[in-house]
Protein chains: 6
Amino acid sequence: MALRTLPSLKFFNVTIPAQYVVHVEINRPEKLNAFYGPMWVELKAIFDQLSHDPDVRAILLSGAGDRAFTAGEMINLTSCLSGLDVEQAAKSNSPLSTGVPDPSRKAALLRRHILELQDVITSVARCEKPTIALLHGYTYGLGIDLSSACDMRFCAKDTKLCVKEVDIGLAADVGTLSRLPKVVGGVTSWVKDVCLSARPFSADEALKNNFVSRVVDGGKSELLKEGLETAKYLASKSPVAVQGTKNILDASWGRTIDDNLNYTAVWNMGMLQSSDVQRAMLSGLQKRTPTFEKL
Amino acid sequence: MALRTLPSLKFFNVTIPAQYVVHVEINRPEKLNAFYGPMWVELKAIFDQLSHDPDVRAILLSGAGDRAFTAGEMINLTSCLSGLDVEQAAKSNSPLSTGVPDPSRKAALLRRHILELQDVITSVARCEKPTIALLHGYTYGLGIDLSSACDMRFCAKDTKLCVKEVDIGLAADVGTLSRLPKVVGGVTSWVKDVCLSARPFSADEALKNNFVSRVVDGGKSELLKEGLETAKYLASKSPVAVQGTKNILDASWGRTIDDNLNYTAVWNMGMLQSSDVQRAMLSGLQKRTPTFEKL
Amino acid sequence: MALRTLPSLKFFNVTIPAQYVVHVEINRPEKLNAFYGPMWVELKAIFDQLSHDPDVRAILLSGAGDRAFTAGEMINLTSCLSGLDVEQAAKSNSPLSTGVPDPSRKAALLRRHILELQDVITSVARCEKPTIALLHGYTYGLGIDLSSACDMRFCAKDTKLCVKEVDIGLAADVGTLSRLPKVVGGVTSWVKDVCLSARPFSADEALKNNFVSRVVDGGKSELLKEGLETAKYLASKSPVAVQGTKNILDASWGRTIDDNLNYTAVWNMGMLQSSDVQRAMLSGLQKRTPTFEKL
Amino acid sequence: MALRTLPSLKFFNVTIPAQYVVHVEINRPEKLNAFYGPMWVELKAIFDQLSHDPDVRAILLSGAGDRAFTAGEMINLTSCLSGLDVEQAAKSNSPLSTGVPDPSRKAALLRRHILELQDVITSVARCEKPTIALLHGYTYGLGIDLSSACDMRFCAKDTKLCVKEVDIGLAADVGTLSRLPKVVGGVTSWVKDVCLSARPFSADEALKNNFVSRVVDGGKSELLKEGLETAKYLASKSPVAVQGTKNILDASWGRTIDDNLNYTAVWNMGMLQSSDVQRAMLSGLQKRTPTFEKL
Amino acid sequence: MALRTLPSLKFFNVTIPAQYVVHVEINRPEKLNAFYGPMWVELKAIFDQLSHDPDVRAILLSGAGDRAFTAGEMINLTSCLSGLDVEQAAKSNSPLSTGVPDPSRKAALLRRHILELQDVITSVARCEKPTIALLHGYTYGLGIDLSSACDMRFCAKDTKLCVKEVDIGLAADVGTLSRLPKVVGGVTSWVKDVCLSARPFSADEALKNNFVSRVVDGGKSELLKEGLETAKYLASKSPVAVQGTKNILDASWGRTIDDNLNYTAVWNMGMLQSSDVQRAMLSGLQKRTPTFEKL
Amino acid sequence: MALRTLPSLKFFNVTIPAQYVVHVEINRPEKLNAFYGPMWVELKAIFDQLSHDPDVRAILLSGAGDRAFTAGEMINLTSCLSGLDVEQAAKSNSPLSTGVPDPSRKAALLRRHILELQDVITSVARCEKPTIALLHGYTYGLGIDLSSACDMRFCAKDTKLCVKEVDIGLAADVGTLSRLPKVVGGVTSWVKDVCLSARPFSADEALKNNFVSRVVDGGKSELLKEGLETAKYLASKSPVAVQGTKNILDASWGRTIDDNLNYTAVWNMGMLQSSDVQRAMLSGLQKRTPTFEKL
């Protein structure tokens, strides 16, 4: 098995640790996996491709190195504020530093830039296959945006999380404020607390407040192991069922129950004719493990 | 007191354990209370009637026998996958097995069929009176759809829960995916975990993740007792207040705060003229237990 | 520093315990801080003013005296049901007691009255500055409406909470039923439980179910101290970032992710040009505490 | 060809004027086709059945006799205000005349009653097959509710239309106020004019303001003829395409473009596999008239 | 009959040309009725008061003098661009001219200012009583915002209309872009044409495109006469029915049919108990003109 | 002036007929400008680029040759059903003809394919600059999808329009059913008529029903001339104002007035600081034609 048509990548390792399971690793550990320009392009290319690749049924997303999933506060002299590499940002041609003097034109440029960055994170959320973010070490700023766009979040004991954007003078804008209420259940007192204050929080606090669903005992290797087990389990199920469930659950947010029920019926009128239903039912009766065609 | 106009029932026991309290028991214990055709018809008839019956102020919903609320995985040779009785399904004239060869026509039939089944579950959700699902043993597949449509969920220690549909090759389609985010608070990492994987979870996990609000120590009899106490308590309150609260809370989902505030004002302009307000206030001042007219 | 243009107040103490931090104290302790007519007018005036006052960056809301945040059940002979002072209500010219005989005209008057009261609570929710409700003692009825409109809720160990309205024959109508699902995450089994039954619940239950994000060990003074620390922390951050984060988070409820992402981009196209971004980034690199212009 | 399982009807004539075309005629001409109790039951039964009957591809709805589609103002001594037969209403056990003294309980009964009547009209709107209302003579009150729930409206020159409800002291409540903005395009000055004033309007005014799409020259027989031609034309097309188009167009109202595009894609993923596509394309190339399987 | 509690007004004439009918005249004809600061305050005060005044059942809104409803392009040397008096604006302390240098703080001030102006126009839209805008002469910029917030729009032959804002470098922001699609039916080619180009259009073009529902032959006096006739007609109807119809129609925009039907049922459960229903029905049967209690 | 970074195009002519005005011409006249595979890619590339190009302020979209805007019914032996070139479709690897046997997998492929095609049309709708579709001759199927995504539609006398999809067995799926109700104002009787029947309609019928806002006397050259005049007029206005107006109007659809007003305020808080406002106001006072910076 090999992934199709994926471009050569400089900042991500994409591997296949088990059948139908892909592991995407952010690979810029020397900068705490902080993002800069070309990394956004690569990230979108990866997830656009995995979304449709029939050899993929579950995706793990993690950060290389011991210290961070992504981003991180000042460490040494170089800082990687909020998951954006500040040094690189300073050199680049960012809208914030352009010579455009008129505030309305600057606003128009900023809006385009934000929409483009959001679209990258949305490519993760839109990916048809289930995604599990495996968090360890610094998971700051963009780390929250990115993992909120995944389906599940597991973390290692040592994870340090932070909705960091307020500390750099801005309201988080590539997804955290839109997706956090969805993935933790509402605009709770805790959501306001961590978003307005930019204070760090621990793995246990993340678990208690439903941001992650598991805190894995031990370090990063145990985390990867548990992530892989779950991914393999998901990959063993009917891909029609799993991917349909993901689509319908995500479509439910911000909509009424009646809307969602109708959407579910329309989705399933196309999907219940799947050969997977017969295969799954029969295997259930025969106590066999079913196999399913690619999707 | 006697319930009005309820048809004779074959698969449900409907009793009146206390004034204004009705107990609906799914009664097919030899098949783990798995549903098949005629049971759907009975279920809707029951809840449509209880919704308007002035002698009803609170409803308990439970499953007969020691082993299941409803549904259940393979046990012995007969399986009751996902709350649907597979044997019965095979014999019946289900859209999945019809001879309709054209996929679009099959899709149209499936959609009608799903909408009909959804409508049965919605008759539980739409019931004007508060409903409490009392879960024990196997609460699989349809057990989640059904209890998600109730207002509260209590469970016994031994309850084994599962969003089972992925295991039979489909995305849950009669309500779970629409209502679970509403009743547990969002499309959390845990919701994705249990819905995408179809893995079973325990009573304690259900409590921790807000699917149930109580795990009752002891077995089914303790569960029924605690359910009955709560139902009696609700039945002692103003039915205008209780049923209005239910309606407004359910209407809030998927809508903005402004929408909800206006809806509340419009609801209450009709309801605050109730004699219950005077009765309740006066009883409060006089430290008496108020009684309220039927509704 | 002094607050601008605030009218003289009879029922609220408004103080400035630290730079940019305002403390609003409900001050009618002899009636358990229960509300009546003129208090609503004062409350709105306060929050409308604080919302725009450039010397304000964080707001604490608490109740005077040892016994209540606001409202409270029967105590002694005078009762303060549901946060409304019943004695005062009886004397006043409330729509419920007017001589209007026609039910539709009574309904029209009631609607106007509810909309006016809702609008007062909404002035708290609409306040541009972050607000922290500090709850102790009786926090009944209006206490829930009011604190649900704040951004965060902390409470003392001894807090007794209750969605009391059902006990006076009505569905809560000035905000609780609209905002509770937002701030605790969904229409959970627990939300239905406490709203339909009007049963009191403890600080720990409020924490477990996400209504408050902290239960402070000790009594009211420890609570105030912890509230002040948090408020000072928030006040030290960029007001552009903090207030933008609040606005975007609140706008997210009842809307789809796509809507929210676009709204965030449009908000930030105007706000990312802030001098706060440079100040915050530079301070980060220089390990200094930034200062920000007023807003 | 014969319709399946339709009950014997007293107030409606249901005929089959051409293959796949059904004509439903309201048949109480001596009362200007005004509705009363049993007619609502029959109407819902008819449309629920036609919706799923594979021998039906287009439906005409008209009124018997020369004088009215339905309803009508005072004529002679008997009046048929707003499409409801006032005489019958007076005799019946309507919620308005019941002895329930408590306004909140009366409100609850009224709401159930309105929802039931709305549900009958909605059975017309929900019908999967295209429906054409053929209006002539008095088309007052319920005549507007009913025809707004159809897909198209044609009328004869002599049609007199009126949103009559304000004249009997109420805001129209079984559909007009919800569906009129949808079928004429917005809450226009004209919509407000005719709804707030209850003034009658002519066929030409109805055409100019998009309520009807054709005014047929001549009387009722020409109208029926033109309606039949259109129905036959619709019935000659792919039923999968026609019924899908209806569903998607109706789902579009009150939703954003993005929502609608996604819904369309999900609908068509199930429907584009239709044999109708090949048949239609091939017939197009071969300049033949295609035939399609039943749906 | 006299209006209650209306403050003394400098820029508006408020008269009572017939029972239950109020005429509000914008009175700054020497400046083409262009608005500046104090006029906004007066306008809101007037409509807030009329909304609840039981002696008011219909409202006419027009402009004093021969030349304009409000606003107007350059005429002579003084210009009144877009309904805002530019001379006054220059002298005033507008957010656009303040010394606030930071773009984000300027943005925050602008947002507050826009929300305040919008709120004034919304007080017209929110007025519970039906409103008719009578347009003549220049109806530019604010003239469109203001009249779009009314229920009906009639105009004289000589009316010159223009969505003028693009000509002063901005997207219309106090209501036109939100309300125009609602009152003309969608974001039509014509709406885009006149909004993007700021080109003037005639009374006949306004009629053809549904912005006004009548073009009155003759000049302003004929217009006022026809407006008064319509207002008197509306004022003769049940105020419960008329005001309920207005509320439900306005609530329908941007919502699904199901939402609207339910809202209608909830509104009417409180309103159908009106004495107006009996009075109207009885008068209908007895061919008398009914009279209704104040609202 | 030259357009930036546009790829070399095979099926479209992109020219600059006047300053800031771009003319995009569909250029496959020998096939009635019917689309096939590579044309979709080019179309998206063009509009993505023009959307951000600061030298573009208005866009004209037309079809090459005398016979069609795009698409066309059978003519000669080759057919171009519904804007899709059937011959090309047959040769290509379309999801409809793939060997995928499982209906659910086919559905998944179809959904991806539809979403991709929709996304191309959406790139036209999303383009930040105003777009005018100039229709002549056959404007069938895709011609409606495409022109509905433009801001304005003008057409020549001879234009023949048709929502053709029903004739090829499918519900229109790349935008017509989502955008037609928006651009003509609701799901009118006429919309249902032309969409359910696939009957052709004339330029005059398109004008009467608000699909186009102008029918130009004369043929294609007069049409192009009038389109160019309008485009030049739009291009002379403030681009900040014009593009903001477009964005806000499009955002209004499917949303409530309150939502739209708030969105407008947030948009304008960033945009009102434009130098265009001063330039436009000053030019107005000085009776000069303003010039504006690029955007």
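Here is a short chat about how some labels for this predicted model are earned.

Me: What makes strand 3 and strand 5 of chain E a pair?
Reply: Two strands pair if DSSP finds at least two bridges between them. Strand 3 (residues 58–63) and strand 5 (residues 131–135) of chain E have three bridges, in the parallel sense, so they pass that cut-off. If you want a spot to look at, E:Leu60 stands opposite E:Ile132 in strand 5 of chain E.

Me: Where do these strands sit in the sheet of chain E, and what is its order?
Reply: The order is 1-2-3-5-7-10, in an open sheet of six strands with mixed pairing. As for twist, neighbouring strands of this sheet are turned by 25° against each other on average, direction ignored.

Me: Why are strand 1 and strand 10 of chain E called edge strands?
Reply: Strand 1 (12–18) and strand 10 (214–216) of chain E each pair on one side only.

Me: Which strands of chain E does helix 8 touch?
Reply: Helix 8 (residues 220–235) of chain E packs on the sheet and touches strand 1, strand 2 (21–26), strand 3, strand 5, strand 7 (152–156) and strand 10 of chain E. Its direction makes about 165° with that of strand 3 of chain E. Angles over 145 degrees count as roughly antiparallel, so at about 165° helix 8 is roughly antiparallel to strand 3 of chain E.

Me: Why is helix 10 of chain B called roughly antiparallel to helix 5 of chain C?
Reply: Helix 10 (residues 257–271) of chain B and helix 5 (residues 176–184) of chain C pack at an angle of about 150°, with their axes 8 Å apart. The cut-off for roughly antiparallel is over 145 degrees, so the label fits. Helix 10 of chain B brings B:Ile257, B:Asn260, B:Leu261 and B:Thr264 to the contact, and helix 5 of chain C brings C:Leu177, C:Ser178, C:Arg179 and C:Lys182. By class, that contact has three nonpolar, three polar and two charged residues.

Me: What makes the relation of chain E to chain F that of a three-fold axis?
Reply: Chain E can be laid on chain F by a turn of 120° and a shift of 0.0 Å along the axis, with an RMSD of 0.0 Å. That is why the three-fold label applies.

Me: How do you know that the copies meet through different surfaces?
Reply: Only 16% of the interface residues of chain E are also interface residues in chain F, so different surfaces meet. The contact takes 45 residues from chain E and 52 residues from chain F. On the side of chain E that touches chain F, helix 3 (103–126), helix 5 (176–184) and helix 6 (189–197) of chain E are the elements giving two or more residues.

Note on methods. Residues are numbered from 1 along each chain as its sequence is written. Chains are lettered from A and ligands numbered from 1 in the order in which they are written. This is a predicted model: local features need pLDDT of at least 70, side-chain atom pairs count only at pLDDT 80 or more; totals for chains, interfaces and linings use all residues. Helices (H or I, at least four residues) and strands (E, at least two) are DSSP runs, numbered from the N terminus. Axes are lines fitted to C-alpha atoms, for helices over the stretch in contact, and angles run from 0 to 180 degrees between N-to-C directions. Two residues are in contact if their C-beta atoms, placed from the backbone, lie within 7 Å. Copies are superposed by least squares on the C-alpha atoms of residues with pLDDT of at least 70 in both. Angles under 35 degrees count as roughly parallel, over 145 as roughly antiparallel, 65 to 115 as roughly perpendicular and the rest as oblique. Ala, Val, Leu, Ile, Met, Phe, Trp, Tyr, Cys and Pro count as nonpolar, Asp, Glu, Lys and Arg as charged, and the others, Gly among them, as polar.
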